Amino acid sequence: MDLTPWDKVKLARMPIRPTGLDYIELIFKGFVELHGDRLYREDRAIVGGIGFFNDLPVTIIAQQKGRNTKENISRNFSMPHPEGYRKALRLMKQAEKFNRPVICFIDTPGAFCGIGAEERGQGEAIATNLAEMMMLRTPIISVVISEGGSGGALALGVADKIYMLENAIYSILSPEGFASILYKDASKAETAANDMKLTAQDLYQFGIIDGIIKEPAGGAHNDFEYVTLQVKDAIGADLKELMTLSVDEMLEKRYQKFRNI
Amino acid sequence: MSRNLFKAKQYATTKVYRSRPQELRGSEEDKPNVPQGIMTKCPGCGKLIYTKLLIKSHKTCECGYCFRVSANERLEMILDEDTFVEMDHQLTTRDPLNFPGYADKLVKTQTQTGLVDGLVTGRGLICGYPTYIGVMDASFFMGSMGTAIGEKLCRMYEKATHERLPVIVFTASGGARMQEGIFSLMQMAKVSAAVAKHSQAGLLYITVLTDPTTGGVTASFAMLGDIILAEPGALIGFAGPRVIEQTIGQKLPEGFQRAEFLLEHGFVDKIVTRDKLKNTLGSLLKLHKKHEYDVTYN
């Protein structure tokens, strides 16, 4: 039976759904986590580091939800502060220096909104990532694994290839936030989810993403290996393709990809 | 003086001076003795000001409060007379989500405001220096950015890159246009890309943040200026103050997310009052003139 957009919203938010670190563990070998933005502090809502994809060293950046309340508090429910985005950018620049492709896993309700986040320039941090990722002279592949919420997701989503899991969502705002702004009623989230066109199928049809990663019945957690094998295949094929291009060709294609939206 | 700015709980609109839409105006014959818009109340200090005087004073109250201005009023304040050449005037959105009720609301807003969307772009002179300029207009869907604004901005940056000219953008926006959903979100990446290319060509980009600059606009082209100016008291932030209050469950400190707060935290280069804005921009353009020649002729 086909799931409604609202079913997908609920599925994408299930605590049992695999998180960024689960993907890192199954897809890459020898992952070394690197911490901190070198400016203010470590943001545990974003995990970053280096590992092998088959035999190729790559930089991996993932927004990380917790599996339980305690973990979620330490991960801030995967809502990064500016320093999370600045850490991500630092690691991307490092990847560029060492010619490593960058693989991003997106899973966030949105960038955190709070006093500290504003004081330290949440807007500036996201804006800088958007501009810098567009110019980064190494391949970037992004996969939306569960929730892709607003600019907080896009700040890891300026990529040569973008994928979504079959039941993932990617939107300008959470359906609740959207409903409260447009319908002045947060409880109309289900209507909002329908109107917003936030499913992988919608985004693929719009030409905004490059492919959909199939999930087993009931969701990714039911056969996680099946999911990771597909992610692995997609990354492998894309890297092969992207690495045949000259860097300038790749950047031009990346620019045009977004320019045409 | 500046403390008074923070007390503004409500933002003024410029509707008072504009001829009001027919349906709001009602039948004028009914009340011929009520002259409209002669006096304007300042939301900053509460004083009544003669509207004519207000227009002469760049729409700034004695207390320093900057009234919101329309894109056309802004262009008049900033550009040398009769130098503006508008681009893409007719460019409008194609309602990519086919969002319920959006098309009708667009037409209604277009009629009410006389704008096609919430941004005017073009080329003109400031103190004799040529520049591309984009001005957002908060009276159009709160200046929110959808595909039309994204496309217009990109075309402007690309044209400026091609002609090796600077870009100045006045931001005034509630963020991304909700009715265009994911397409609005993607405009952030698209516009930032065009900014990055313009920047890579060694060209000057100045943003002037005006009240309000929030959401997806802050998190993209507003914060990417080589030089970022702001108007006194302007609300500037990523998340809106109400959303933050709801999220953290506490009252926000006075002056939070105002231009002065951003200056204090290092995210704005300079706060400039309206009477000095044109000359400040002129000086900055002059200061970057030589540098651009170097790049061109080397």
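Where is the place of B:P212 in chain B? I looked this up first and found B:P212 in strand β7 of chain B. A note to self before going on: this is a predicted model, and what I write below is read from its coordinates.

**Entry: the cis bond and its aspartate**

I checked the peptide bond from B:D211 to B:P212 and found it cis, with omega near -10 degrees. Then I turned to the side chain of B:D211, which meets that of B:R68 in a salt bridge, at 3.3 Å from N to O. B:D211 sits in strand β7 and B:R68 in the loop between α3 (51-56) and α4 (71-78) of chain B, so this pair ties together parts that are 143 residues apart in sequence. I looked up the cover on both partners: B:D211 is buried, with a relative accessible area of 11%, and B:R68 is buried too, at 12%.

B:D211 also has a salt bridge with B:R258, at 3.8 Å from N to O. B:R258 lies in the loop between α9 (241-248) and α10 (259-264) of chain B and B:D211 in strand β7, so the pair ties together parts that are 47 residues apart in sequence. I noted that B:R258 and B:D211 are both buried.

**Entry: just past the strand**

I moved on to B:T214, which is in the loop between β7 (205-213) and α8 (215-218) of chain B. Is B:T214 buried or exposed? I found B:T214 buried, because its relative accessible area is 9% and the cut-off for buried is under 20%. Setting aside neighbours within four places in sequence, I listed the contacts of B:T214: B:S173, B:G174, B:G175, B:L235, B:G237 and B:F238.

**Entry: chain B as a whole**

I counted up the secondary structure and got 12 helices and nine strands for chain B. Of its 298 residues, 56% are buried. I also looked at contacts with a separation of 6 or more: in chain B, 71% of them are between residues 24 or more positions apart. The accessible surface of chain B comes to about 13,600 Å², and carbon and sulfur atoms hold 52% of that.

**Entry: a salt bridge between chains**

Over all chains, I have 34 salt bridges in the structure. One of them is between the side chains of B:E158 and A:R259, at 2.7 Å from N to O. B:E158 lies in helix α6 of chain B and A:R259 in helix α12 of chain A, so this pair joins two chains. The cover on the two partners reads as follows: B:E158 is partly exposed, with a relative accessible area of 29%, whereas A:R259 counts as buried at 10%.

While on helix α12 of chain A (residues 247-259), I looked up A:V247, which is also in that helix. A:V247 is partly exposed, with a relative accessible area of 32%. From A:V247 to A:T138 I get 7.0 Å, C-alpha to C-alpha, with their positions 109 residues apart in sequence.

**Entry: helix α8 of chain A and a charged patch**

Which residues of helix α8 (residues 175-182) of chain A are buried? I found A:P175, A:G177, A:F178 and A:A179. The buried residues of this helix pack against α1 (5-12) and α9 (189-196) of chain A.

Just after α8(A) comes A:K184, with a positive phi of about 55 degrees. A:K184 also turned up in a positive surface patch, together with B:K105, B:K108 and B:R242. I followed B:K105 a step further: B:K105 is in helix α5 (residues 102-113) of chain B and counts as partly exposed, at 45% relative accessibility.

**Entry: other positive phi values**

I wrote down A:R38, which is not a glycine yet has a positive phi of about 65 degrees. A:R38 lies in the loop between β1 (29-33) and β2 (46-53) of chain A. I have A:R38 down as exposed, with a relative accessible area of 63%.

B:M142 is not a glycine either, and I find a positive phi of about 55 degrees there. The loop that holds B:M142 runs between β5 (129-136) and α6 (147-163) of chain B. B:M142 is partly exposed, with a relative accessible area of 37%.

Conventions: Residues numbered from 1 in each chain as written. Chains lettered and ligands numbered in written order. Predicted model: local features only at pLDDT ≥ 70, side-chain atom pairs only at ≥ 80, totals over all residues. Heavy atoms only, no water. Patch = residues over 30% accessible without salt bridge, like charges linked within 9 Å, V, L, I, M, F, W, Y side chains within 5 Å. Areas by Shrake-Rupley, 256 points an atom, 1.4 Å probe, with all protein chains shown as cover. Salt bridge = Lys/Arg side-chain N within 4 Å of Asp/Glu carboxyl O. Lys, Arg positive; Asp, Glu negative; His and termini not counted. Charge placed at Lys NZ, Arg CZ, Asp CG, Glu CD. Helix = DSSP H or I, 4+ residues; strand = E, 2+ residues; numbered from the N terminus. Buried < 20%, exposed > 50% of the residue type's maximum accessible area, 1.4 Å probe, protein only. Contact = heavy atoms within 4.5 Å.
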